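Let's practise reading a protein structure together, one small exercise at a time. Have a look at the sequence and the 3D view, and try each task before you read its solution.

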Amino acid sequence: MKGGDIPETHSYGNHLVIAPQSPVVEIGTNFTATCMIINTAEVTAGDLYWNLSISSVIPEQYYTKINASALGVTVPITREESEWLLCHCKKRSPYVVLNKSMFTHGIWLTKGCKFSQLNMKHVSCF
């Protein structure tokens, strides 16, 4: 296994992983993330949904099904406050219900502004 690779098998941990991890996102742009299902055939991309910590479920119009085990989302970054972007499983099989924490994954979106030497007004956006 190379550095950064996801292990093929493990006896514990999440079945959902989001990429990229720990991003710094620019206010006023769109941000895209992908939630990938690993080490289980219990769920598919159609069983997943996204939400931001400060709001309700992100509407499906922002989703992109990449394949049977990956669901992307693109969200506009409009608020200055940093927040969680979370991927959840909506399937209610006995395995998912008993292992609910394994079917939720989140990343912390650190917010910031892009600025140049000519436009130092936006330094306060971080």
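Below are six exercises, each followed by a worked solution.

The model is predicted, so local features need pLDDT of at least 70 and side-chain atom pairs count only at pLDDT 80 or more, while totals for chains, interfaces and linings use all residues. Residues are numbered from 1 along each chain as its sequence is written, and side-chain values use heavy atoms, with hydrogens and water left out.

**Exercise 1. The overall plan**

Task: Describe the order of the elements of the chain and how much of the chain is buried.

Solution. Start with the elements: the chain has one helix and eight strands. Here helices (H or I, at least four residues) and strands (E, at least two) are DSSP runs, numbered from the N terminus. Read from that end, the order is β-β-β-β-β-β-β-α-β.

Next, turn to burial. Of the 126 residues, 36% count as buried; buried means under 20% relative accessible area, exposed over 50%, and partly exposed in between (1.4 Å probe, protein chains only).

Then look at the surface. The chain exposes about 7,800 Å², and carbon and sulfur atoms supply 56% of that area. Such areas come from the Shrake-Rupley method with a 1.4 Å probe, and for residues only the protein chains shown count as cover.

Finally, consider contacts, meaning heavy atoms within 4.5 Å. Among contacts with a separation of 6 or more, 62% are between residues 24 or more positions apart.

**Exercise 2. The nonpolar core**

Task: Find which residues of the largest nonpolar core touch the most other members, and which strand gives the most to this core.

Solution. Begin with the term: a nonpolar core is a set of buried Ala, Val, Leu, Ile, Met, Phe, Trp, Tyr and Cys residues joined through side-chain atoms within 4.5 Å. The largest one has 28 residues, and F31, L48, W50, I58, V73, L85 and L109 touch the most other members.

Now ask where the members come from. β1 (16–19), β3, β4, β6 (70–76), β7 and β8 each supply at least two residues. The strand that gives the most is β3, with four residues.

Last, zoom in on L85. Leaving aside neighbours within four places in sequence, its contacts include I18, F31, W50, I58, V73 and L109.

**Exercise 3. A residue of β6**

Task: Is V75 buried or exposed, and which residues is V75 in contact with?

Solution. First, locate V75: it lies in strand β6. Its relative accessibility is 4%, so V75 counts as buried. Beyond its neighbours within four places in sequence, V75 is in contact with T29, N30, F31 and I58. Take T29 as an example: V75 and T29 are 46 residues apart in sequence, and their C-alpha atoms are 8.5 Å apart in space.

**Exercise 4. Aromatic pairs**

Task: Describe the aromatic pairs in the structure.

Solution. Rings of Phe, Tyr and Trp (its six-membered ring) pair if their centres lie within 6.5 Å; planes under 30 degrees apart count as stacked, over 60 as edge-to-face and the rest as tilted. The structure holds two such pairs.

One is W84 with W108, edge-to-face at 5.3 Å centre to centre and 65° between the planes. W84 lies in strand β7 (residues 83–89) and W108 in strand β8 (residues 104–112), so this pair ties together parts that are 24 residues apart in sequence.

The pair of Y95 and F103 is also edge-to-face, with 5.9 Å between centres and 85° between planes. Y95 is partly exposed at 34%, whereas F103 is buried at 1% relative accessible area.

**Exercise 5. A charged residue under cover**

Task: Work out what surrounds D47 and how far away the nearest side chain of opposite charge is.

Solution. D47 is found in the loop between β3 (30–37) and β4 (48–52). Apart from neighbours within four places in sequence, D47 is in contact with H88, C89, K90 and K91.

For charge, Lys and Arg count as positive and Asp and Glu as negative; His and the chain ends are not counted. A salt bridge is a side-chain nitrogen of Lys or Arg within 4 Å of a carboxyl oxygen of Asp or Glu. D47 is buried yet has no salt bridge, and the nearest opposite charge, on the side chain of K91, is 4.8 Å away.

**Exercise 6. Backbone details**

Task: Which peptide bond is cis, and what is the phi of S22?

Solution. The bond from A19 to P20 is cis, with omega near 0°. P20 lies in the loop between β1 and β2 (24–26). S22 lies in the loop between β1 and β2, and its phi is near 50°, a positive value in a residue other than glycine. S22 is exposed, with a relative accessible area of 60%.
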